[in-house]
Amino acid sequence: MRFNFSTHSATPTTATSSTAKANGNERAASQPLKKTIEADPDSLDSVISNPHSYPITIVPNRPTSFYGITPNGKAFQRQPSCRSRNFRPGSMRRVRRRAVFKNGDCNVVQKHLQRRRVRFLQDMYTTMVDWQWRWTLLAFALSFILSWLFFALIWWLIVYTHGDLEDLHLPDNQAETGWAPCVSAIDGFTSCFLFSIETQHTIGYGVRTTSPECPEAIFMMCFQSIYGVMSSAFMAGIVFAKMTRAKQRAQTLLFSKHAVICQRDGCLSLMFRVGDMRKSHIIGAGVRAQLIRTKSTKEGEVMTQYFTELEIGTDDSGSDLFFIWPMVIEHKIDENSPLYNLNATDMLQDKFEIVVILEGTVESTGQSTQARSSYINTEILWGHRFDPVVLYNKDLQAYEIDYARFNETTQVDTPLCSARELNEIYKIQEGFRTPASPSIHSGHSTSCSSGYQSPGKQNRLRWQLSLPL
């Protein structure tokens, strides 16, 4: 419980207690301070009944719940708020639009498809493979149960029309009457159902068998046996294809949580890391990256989803990977890059998405697989570099991969200007050089994609390149 004390609350209280001591110990003993108000008293009755005891300002016309007390005298329980503690007035969490989620699923919803069900039923195999496991298993079970019931009904009609279900023609009376049934040991629908299961799956317990008395029974036995083999092969193929889909192998292919931008050999580079958790490698692994952003044409057409291929590679091996450990994929931001004019501030304000795709052949199964992920502008760390995760272990005499550091980055000094502005500064510096300067290289180019600036030169330019966000 909180009270609205005046600014002079402490001083008058001290003065009052001193005056009471000066008037005499008897008066102080007869009229002592009644009680010290605790932080959370049970009620306000003691305070309201003696308002002159303490310099307290009683605010009228306010419910007791304002002071933390409910009308029945119990402590007021604050309801948990759904608003985050980090909430600030005027700020709101914005949901970023993205075409590909971090797990690789595409954020695409289709509608107004004509003849959708008919087209999907025409490709029934792919439709059932794309089903969720619950529906696939349900279809698997129903395909057998319904076929058993359907053929059991046909067998019951065959024996019923032949007269095998009459009282004198039942299995217990067939020896006395000399009746030859279509199927032996059939006395009702239950026995027909059991015979249907035995026929379809070629179980053959040896009790129920067909006889040459009914040609239709022989034909139905052959037809159900063929159907049983085909249905089992079809459903087994669906389950096998669903278990060996390339999507399942992609679950063990990793992409770094963030992409980074830093300098490499004097040039700004966009980098992200890929890894494989399994020992069975991806054969012929290749990686691609595409930028999705809005573009306006000269004619005024606005293309909200415009794809641009990014030139990427790892070290000097290009986009083809010898994928035996996690590798950092690099995109040099040069004159041909769509990120050439973006600085650190533009990177945060612009809206774009970089979709990365890793493709290859699974070594153990020989099937092609594809893993996807994406990075939006807020998931790109400017001025960071990935920490190394591959180290040589002398005790094991093997290279050791520490996946706990897979997403770890280190902040490094990086110019906040764009790659275009960085190249212009390098060109200006190149113009001020003299032939006698020891830092001149005969093969140096003004472009950041092919030139390299010495660390001392970068330190001299750092104050020029560090622009505030």
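**Figure 1. Helices H6 and H9 pack against each other in this predicted model.** Helix H6 covers residues 133–162, and helix H9 covers residues 215–243. Their axes lie 11 Å apart. The angle between them is about 180°. That angle is over 145 degrees, so H6 runs roughly antiparallel to H9. Sorted by class, the contact of H6 with H9 holds 18 nonpolar residues, 6 polar residues and 2 charged residues.

**Figure 2. Helix H8 packs on helix H9.** The two axes are 8 Å apart, at an angle of about 60°. From H8, the contact uses Ser-196, Thr-199 and Gln-200. From H9, it uses Met-221, Gln-224, Ser-225, Tyr-227, Gly-228 and Ser-231. By class, the residues in the contact of H8 with H9 are 2 nonpolar and 7 polar, with no charged residue.

**Figure 3. Gln-200 is a buried residue of helix H8.** Helix H8 spans residues 189–200. Gln-200 has a relative accessible area of 2%; buried means under 20%, so Gln-200 counts as buried. Its side chain makes a polar contact of 3.1 Å with the side chain of Ser-147. A polar contact of 3.5 Å joins the side chain of Gln-200 to that of Gln-224. Leaving out residues up to four places away in sequence, Gln-200 touches Phe-144, Ser-147, Trp-148 and Phe-151. Under that same limit, Gln-200 also touches Gln-224, Tyr-227, Gly-228 and Ser-231. Ser-147 and Gln-224, the partners in the two polar contacts, are among these neighbours.

**Figure 4. Glu-359 and Arg-288 form a salt bridge between two strands.** The N to O distance is 3.9 Å. Glu-359 sits in strand E8, residues 352–362. Arg-288 sits in strand E4, residues 282–296. The two residues are 71 residues apart, and their pairing links distant parts of the chain. Buried or exposed, or in between: where does Glu-359 fall? Glu-359 is partly exposed, at a relative accessible area of 31%. Arg-288 is also partly exposed, at 31% relative accessibility.

**Figure 5. Asp-350 and Arg-293 meet in a salt bridge.** Their side chains come to 2.7 Å, N to O. Asp-350 lies in the loop between helix H11 (344–349) and E8, while Arg-293 lies in strand E4, so the pair ties together parts 57 residues apart in sequence. Asp-350 is partly exposed, with 22% relative accessibility.

**Figure 6. Glu-424 and Arg-420 pair within helix H12.** In this salt bridge, the closest N and O atoms are 2.9 Å apart. Helix H12 takes in residues 419–431. Glu-424 and Arg-420 are 4 residues apart in this helix, so about one helical turn separates them. Glu-424 is partly exposed, with a relative accessible area of 38%. Arg-420 is partly exposed too, at 31% relative accessibility.

**Figure 7. Arg-98, Lys-102 and Glu-379 share a network of salt bridges.** Side chains of opposite charge can pair when their charged atoms come close. Here the network links Arg-98, Lys-102 and Glu-379. The structure holds 10 salt bridges.

**Figure 8. His-112 and Asp-265 each have a positive phi.** His-112 has a phi of about 60°, although it is not a glycine. This residue lies in the loop between helix H3 (45–49) and helix H4 (116–122). His-112 is exposed, at 72% relative accessibility. Asp-265 is not a glycine either, and its phi is about 55°. Where is Asp-265 found? Asp-265 is in the loop between strand E2 (259–264) and strand E3 (267–276). Its relative accessibility is 52%; exposed means over 50%, so Asp-265 counts as exposed.

**Figure 9. The whole chain puts the close-ups in context.** The protein has 13 helices and 14 strands. Of its 469 residues, 33% are buried. Among contacts with a separation of 6 or more, 65% join residues 24 or more positions apart.

Conventions. Residues numbered from 1 in each chain as written. Predicted model: local features only at pLDDT ≥ 70, side-chain atom pairs only at ≥ 80, totals over all residues. Heavy atoms only, no water. Salt bridge = Lys/Arg side-chain N within 4 Å of Asp/Glu carboxyl O. Buried < 20%, exposed > 50% of the residue type's maximum accessible area, 1.4 Å probe, protein only. Axes fitted to C-alpha atoms, helices over the stretch in contact; angles between N-to-C directions. Parallel < 35°, antiparallel > 145°, perpendicular 65-115°, else oblique. Nonpolar A, V, L, I, M, F, W, Y, C, P; charged D, E, K, R; others polar. Polar contact = N/O pair within 3.5 Å; in protein donor to acceptor, adjacent residues only side chain to side chain. Contact = heavy atoms within 4.5 Å.
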